[in-house]
Amino acid sequence: MGNPVTGIGAAVVRREDARFITGAGRYTDDIRVEGQAYAVFVRSPYAHARIVEIDCAQASEIPGVVAILTGDDMQADGIGSLPCGWNVTQKDGTDMRVPPHPPLATGHVNYVGDPVAVVVAESLETARQAAEAVAVEFDELPPVVDLATAQVSAEIHAGITHNLAYEWELGDREATDAALAGAAHVTRLDLVNNRLIPNAMEPRAALGIHDAATGEHTLYTTSQNPHLARLILSAFVNVAPEHKLRIIAPDVGGGFGSKIFVYGEETTVIWAARRLRRPVKWTADRSESFLADAHGRDHLTHAELGLDAEGRFVALKVHTVANLGAYLSTFASAVPTYLYGTLLAGQYRTPCIHVEVHGVYTNTAPVDAYRGAGRPEATYVVERIVENAARETGRDPAELRRLNMIRPEDFPYQTPVALVYDTGNYEQSLDRALELADYRGFSERRRQSAANGRRRGIGFACYIEACGLAPSRLAISLGAGVGLYESGEVRFNPTGSVTVFTGTHSHGQGHETTFAQVVSHRLGVPFEAVEVVHGDTGRIEFGLGTYGSRSLAVGGSALVLAADKVIEKGRLIAAHLMESSPDNVDFEDGAYRLKDSNRSMTIQEVAFASYVPGNYPDGLEPGLSEKAFYDPENFTYPAGTHIAEVEVDEQTGVVSLVNFIAVDDFGRIVNPLVVHGQVHGGVAQGVGQALLEVGRYDATGQLLTGTMMDYCLPRADDLPDFVVDTTVTPCTHNPLGVKGCGEAGAIGSPAAVMNAVTDALGVPDLAMPATPEKVWRELRRQREQA
Amino acid sequence: MQITLSVNGRSHTLDVPENTLLVDIIRERLRLTGTHVGCDTSQCGACTVHMDGRAVKSCTVLAGQADGASITTIEGIGTVDALHPMQAAFRECHALQCGFCTPGMIMTAIDLVENTSQLDGSTVREGLKGNLCRCTGYHNIVKAVLSAADKA
Ligand code: FES
Ligand code: FES
C-alpha cells in the first residue's frame with residue numbers, strides 16, 4: 001500500500017530544502033579548516049605551446065607564498081596521468097589513441113587555461129598576486145582550433161596522426177547504402193551541434209587535507225561521484241591508496257555532467273596538501289570554469305534519411321566529427337560513440353542504420369558528458385532530419401513520425417544499432433502532446449502572428465534516450481573501465497529509525513527525499529524515520545555516482561534489494577518471536593503477521609529485538625542492516641514528445657519561445673514534484689542550446705565566450721512557463737519500474753525548438769543557437785531575394 | 001580601513017583592506033556562508049543581499065560603500081522554525097534544486113515583492129533576470145514568487 005502522503009508517487013516537498021532556503025547549505029567553499037592555505041593556478045594563455053621555462057623566483061619572494069609547484073614536481077612524486085575510463089575500439093579493431101594528460105602540464109600546453117603551475121599561499125590575495133608573478137616562457141606552436149579541418153592540420157600530440165582519437169562505426173554500412181540507393185526519397189542534412197559550457201552555478205572547488213600521523217588523505221570536492229573519483233585517483237593517478245583516501249562531496253551546486261570528471265586541479269590540491277603538510281583550498285573563479293571545466297557537444301554531422309514511397313524510413317546514414325578537445329577527459333570517448341550512435345534509431349522502425357564517428361583532438365578545452373551526453377546530439381540528428389523529410393515530401397510532421405514509430409506490440413524491440421528497447425508507448429505521448437499543444441489550432445495562431453509582424457513556427461521532437469547506466473557486463477565489453485552497478489545499504493538503528501546509504505550523489509536531484517520515500521514505502525516505516533546518507537567515501541561502502549539519469553533506476557533499485565534483504569531477515573526473527581515458522585509470516589505495511597492468527601509485530605520491534613538478541617533464532621547474526629549491489633539487466637528507455645512553438649520578430653530577428661510542451665514517459669514516478677522540476681531544468685538547458693548558448697574560440701584558440709557576459713545562459717525572461725505531463729509504461733526490468741528523468745528535458749528540446757525556428761523561417765536548417773543576429777541575417781537574405 | 005556595519009541586526013566594526021568586497025566580508029570575515037559567489041563579472045546574483053532594505057549584488061559593493069549600512073543576508077530573514085514567507089513559498093513550490101542560487105534568488109524576490117505593486121508572470125521574470133539559476137528553468141521560482149506575493 002504505502003503512505004499516500006509520503007510514499008512512492010506522492011508529491012513530497014523536499015526535506016533538503018530546509019538548509020538551502022535558510023543559507024545553511026554546506027558547499028565545499030563554505031568549509032574552512034584550521035591552517036588552510038589557498039591555491040591559485042597559473043594557466044596557459046596559449047592554445048598550443050611548448051613550455052620553455054617556469055620562473056618562480058620573483059613570485060616565491062612574495063611574503064606569504066608557501067610554495068609554487070609544477071608538473072615536474074608532481075611527476076617526481078609519482079603522480080600519474082589522468083586516465084580516460086572508456087576504451088573505444090576503432091573500426092579497424094585497434095584501440096583508440098590517447099595522449100598523456102598530466103594534472104599540471106609538462107612540456108606542452110594544449111588549450112587556453114591548461115594549468116601549468118599552482119601557487120599555494122597564506123591568503124587567497126597573496127596566491128593571486130604570486131600567480132601573476134610566475135613567469136612562464138612559452139614557445140608558441142600552431143594551434144588546431146577548427147573542427148572541420150582538424151584532421152588535416154598539424155599534429156597536436158606526438159604520434160597521434162590526423163589528430164584522430166578514433167574512427168568508430170556501428171551498424172551495417174552495406175545494407176544502409178543499398179537501402180538508400182533504392183529509396184524513393186532521400187533527405188540530406190548537414191548539422192552543427194554547438195559547443196556548450198555547462199556552468200553549474202557552483203564553481204568547482206576542492207579542499208585537501210593530509211594527516212601525516214595516520215597517512216589519511218581527505219578531499220572535500222564538488223563531485224557527482226566521489227567513489228569513482230577515489231578509484232581513479234588511487235588506481236590510476238597514484239595519489240594515495242584507496243583506503244587512505246577519503247573523498248567527501250558535500251552539498252554540490254549542480255553538476256550536469258561537468259562534475260563527474262577527475263580534473264587536474266582537484267588532483268593537484270590533494271597532492272599539494274600532502275607535500276606541503278598543509279590543508280590546501282582551491283575554488284574556481286567563474287572565468288576558470290569557462291576555460292577549464294569540460295565542455296559539451298561540439299559535433300559536425302552529415303546525415304541521410306531514405307524513405308519509401310509511402311513515407312516509411314528505409315535507412316539512416318550518419319557521419320559525425322566529434323570534438324574531444326585537447327585531452328581525453330574521464331568519459332569523453334564514450335559520449336559521441338556508445339551514448340550517441342546507439343540512439344540513432346530514435347522511436348522509429350528504421351531497418352538499416354550506419355554511423356561513423358571521428359573523435360578528434362583540438363587545442364580547446366576537453367569535451368565530455370554534459371546533460372544528456374550523446375543523446376541530445378543523436379536526437380538532434382534524427383528529429384531534425386525526420387522533420388525535413390516531412391517537409392520535403394509534403395507530409396504532416398506528426399503523422400510521418402506516427403507512421404514510423406515502434407508500436408507497443410513491437411517490444412522488446414531490437415534496433416539496428418545494438419540496443420534492445422524494453423517497453424514504451426510512443427504514440428500515446430505524441431497524442432497527449434498534440435492535444436496539449438492544440439495542434440489543430442496552430443494554423444489560426446500562425447495567421448494571427450503574421451498579422452502582428454511575426455512568423456510563427458511549430459516543431460516536434462519525439463526523442464528516446466538510454467539511461468539507467470548501465471549493465472556492467474555490456475558496458476565493460478564495450479570498453480568501460482568500471483562496472484556501472486550501484487550499491488546501497490539499509491540499516492535499522494536499534495530504536496527503529498533507518499539510515500540509508502547510497503552510492504549515488506545528489507547535487508540538486510533531491511535524493512534525500514525521494515530515496516526516503518522509496519525505502520519508507522518498502523519497509524512500511526514513517527518517512528520521517530528514514531535518513532539518506534550520500535557523498536562520502538568514508539561512510540558509504542561504494543558507489544558509481546550520479547549521471548546518465550541513473551540514480552533512481554540503479555541506485556534506487558539497490559536500495560530496494562537491500563530493503564528486501566532486511567525484510568527477509570526480519571521475517572526469521574519475527575517468526576521466532578511469534579513462535580511460528582517463516583513461511584507462516586506475511587510482511588505488509590511495516591508489520592509481520594502470522595497467516596493463521598492475528599498476532600503481529602512491527603518491523604521496528606523486530607529491529608530492536610535484533611540488537612538485543614536474548615530470545616533469538618539460533619545461528620542468526622544479530623543486527624538488522626543489509627547491503628546490496630544492483631546491476632541492471634538493460635538500459636532504461638525514457639521517451640516522449642516535446643513540442644515547441646516560437647514567434648520570430650520580422651524586424652529584430654528575436655525568437656520568442658511562446659509555448660513548450662513536454663510529455664515524457666519515465667516509467668513509474670516516485671515524486672512528481674521532483675520529476676517536473678527535472679524536466680523544467682532540462683528543457684531550459686536545451687532551449688539555451690537552441691537559442692542562446694555557444695562556446696566559441698577564435699582562430700588562435702582564445703575562448704571568446706569566457707564570461708557570463710559573452711556566454712548567454714537562459715535567464716528568467718528568456719523562457720515561458722512550461723507545460724509538462726507524463727505517460728507511464730513501467731520499465732520491465734528494475735524493481736521500481738522507473739526509467740530516469742534527469743536528462744530528457746535537455747535531450748528533446750533543442751530539436752523541437754530548432755524545428756519550430758526553421759518552420760517559422762521556412763529554411764531547411766539554421767545552426768544553433770538561433771540568436772537574433774543570425775535570424776535577422778536570414779530574414780534579410782530572404783527579403784533581398786524576394 | 002575601518003568600517004562599521006550592521007549585519008542581520010548585529011553591529012560589526014572591522015579592519016579591512018579598501019578593495020575588500022562586501023561578499024568577502026560576509027563570507028570570509030563574518031562566516032555567513034549562505035551568501036554565495038557564482039561569478040566574477042556581477043552576472044549571476046548568487047551573492048544578492050539586502051543593503052538598507054534593497055537587494056544588491058554584494059560582489060559589486062566595496063567595503064567603504066557598506067560602511068554604516070544595514071545588511072541583511074539569507075541567514076537574517078527567517079529560521080527553519082520561522083521561515084520568511086518567501087522561503088516557505090520556495091519550498092512549497094519546489095523552486096530550488098541544488099540550492100546554490102537560492103539565497104540570492106530569495107533576497108531578490110523579497111525585494112521584488114516589497115517594491116512592486118502589481119506582479120504577474122512577466123514582471124516577475126523581468127525582475128528576476130539578474131539572478132541565474134541553472135537547475136530549475138525558473139518555472140517554479142516564478143510560481144513561488146507569485147505565491148508569496150499573493151500572501152503578502
Ligand atoms: S557573485 Fe555573481 S553577481 Fe555577485
Ligand atoms: S537551484 Fe541550482 S542553480 Fe538554482
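Here's a quick tour of the A–B interface, one strand and its partners, a handful of salt bridges and a loop glutamine. Keep in mind that this is a predicted model. Chain B and chain A bury about 4,200 Å² between them, and the count of salt bridges across that contact is 6. Over all chains, the structure holds 67 salt bridges.

**Where chain B meets chain A**

- The contact draws on 51 residues of chain A and 47 residues of chain B.
- Carbon and sulfur atoms give 55% of the area buried between the two chains.
- On the polar side of things, 26 residue pairs are in polar contact between chain B and chain A, counting pairs with both residues at pLDDT 80 or more.
- Five helices of chain B each put at least two residues into the side that touches chain A: H1 (22–29), H3 (85–92), H4 (102–115), H5 (121–127) and H6 (139–151).
- H3(B) gives the most to that side, with 4 residues.
- Sort the residues on chain B's side by type and you get 17 nonpolar, 19 polar and 11 charged.

**A salt bridge across the interface**

- Arg32(A) and Glu28(B) meet through their side chains in a salt bridge, at 3.0 Å from N to O.
- Arg32(A) sits in the loop between helix H1 (17–21) and strand E1 (37–43) of chain A, while Glu28(B) is in helix H1 of chain B, so this pair joins two chains.
- Neither end is fully tucked away: Arg32(A) is partly exposed at 37% relative accessible area, and Glu28(B) is partly exposed at 29%.

**Salt bridges within chain A**

- Glu356(A) and Arg173(A) pair up side chain to side chain in a salt bridge, with N to O at 2.5 Å.
- That pair links distant parts of the chain, 183 residues apart: Glu356(A) belongs to strand E15 (residues 352–361) and Arg173(A) to helix H5 (residues 173–181), both of chain A.
- The two ends sit in different burial classes, because Glu356(A) is buried, with a relative accessible area of 7%, and Arg173(A) counts as partly exposed at 32%.
- Lys627(A) and Glu541(A) form another salt bridge, this one at 3.8 Å from N to O.
- Here Lys627(A) comes from strand E25 and Glu541(A) from the loop between strand E21 (530–533) and helix H15 (551–577) of chain A, so the pair ties together parts that are 86 residues apart in sequence.
- Lys627(A) is partly exposed at 39% relative accessibility, and Glu541(A) is partly exposed at 39% as well.
- There's also a network: Arg43(A), Arg204(A), Glu265(A), Glu266(A), Glu288(A) and Asp293(A) are joined into one by salt bridges that share partners.

**Strand E19 and its partners**

- Strand E19 (residues 486–492) of chain A has 6 of its 7 residues buried, so the rest of the structure largely encloses it.
- E19(A) runs antiparallel to strand E25 (residues 625–630) of chain A, and 6 bridges join the two.
- Arg491(A) has Ser625(A) as its bridge partner in E25(A).
- E19(A) also pairs with strand E20 (residues 498–502) of chain A, in the antiparallel sense and over 5 bridges.
- In that pairing, Phe501(A) of E20(A) is the residue opposite Glu489(A).
- E19(A) and E20(A) make a hairpin with 5 residues between them, and Gly496(A) in the turn has a positive phi of about 100°.
- The salt bridge of Lys627(A) to Glu541(A) ties into this part too, as Lys627(A) lies in E25(A).

**Gln509(A), a loop residue**

- Gln509(A) is in the loop between E20 and helix H14 (511–523) of chain A.
- Gln509(A) is buried, because its relative accessible area is 19% and the cut-off for buried is under 20%.
- A polar atom of the Gln509(A) side chain lies 2.6 Å from the backbone nitrogen of His507(A).
- Beyond its neighbours within four places in sequence, Gln509(A) is in contact with Arg14(A), Thr546(A), Val674(A) and Gln678(A).

Methods
Residues are numbered from 1 along each chain as its sequence is written. Chains are lettered from A and ligands numbered from 1 in the order in which they are written. This is a predicted model: local features need pLDDT of at least 70, side-chain atom pairs count only at pLDDT 80 or more; totals for chains, interfaces and linings use all residues. Side-chain values use heavy atoms; hydrogens and water are left out. Contact means heavy atoms within 4.5 Å. Buried area is the accessible area (1.4 Å probe) that two parts lose on being put together, summed over both. A salt bridge is a side-chain nitrogen of Lys or Arg within 4 Å of a carboxyl oxygen of Asp or Glu. A polar contact is a pair of N or O atoms within 3.5 Å; within protein, one must be able to donate a hydrogen and the other to accept it, and residues adjacent in sequence count only if both atoms are side-chain atoms. Ala, Val, Leu, Ile, Met, Phe, Trp, Tyr, Cys and Pro count as nonpolar, Asp, Glu, Lys and Arg as charged, and the others, Gly among them, as polar. Buried means under 20% relative accessible area, exposed over 50%, partly exposed in between (1.4 Å probe, protein chains only). Two strands pair if DSSP finds at least two bridges between them.
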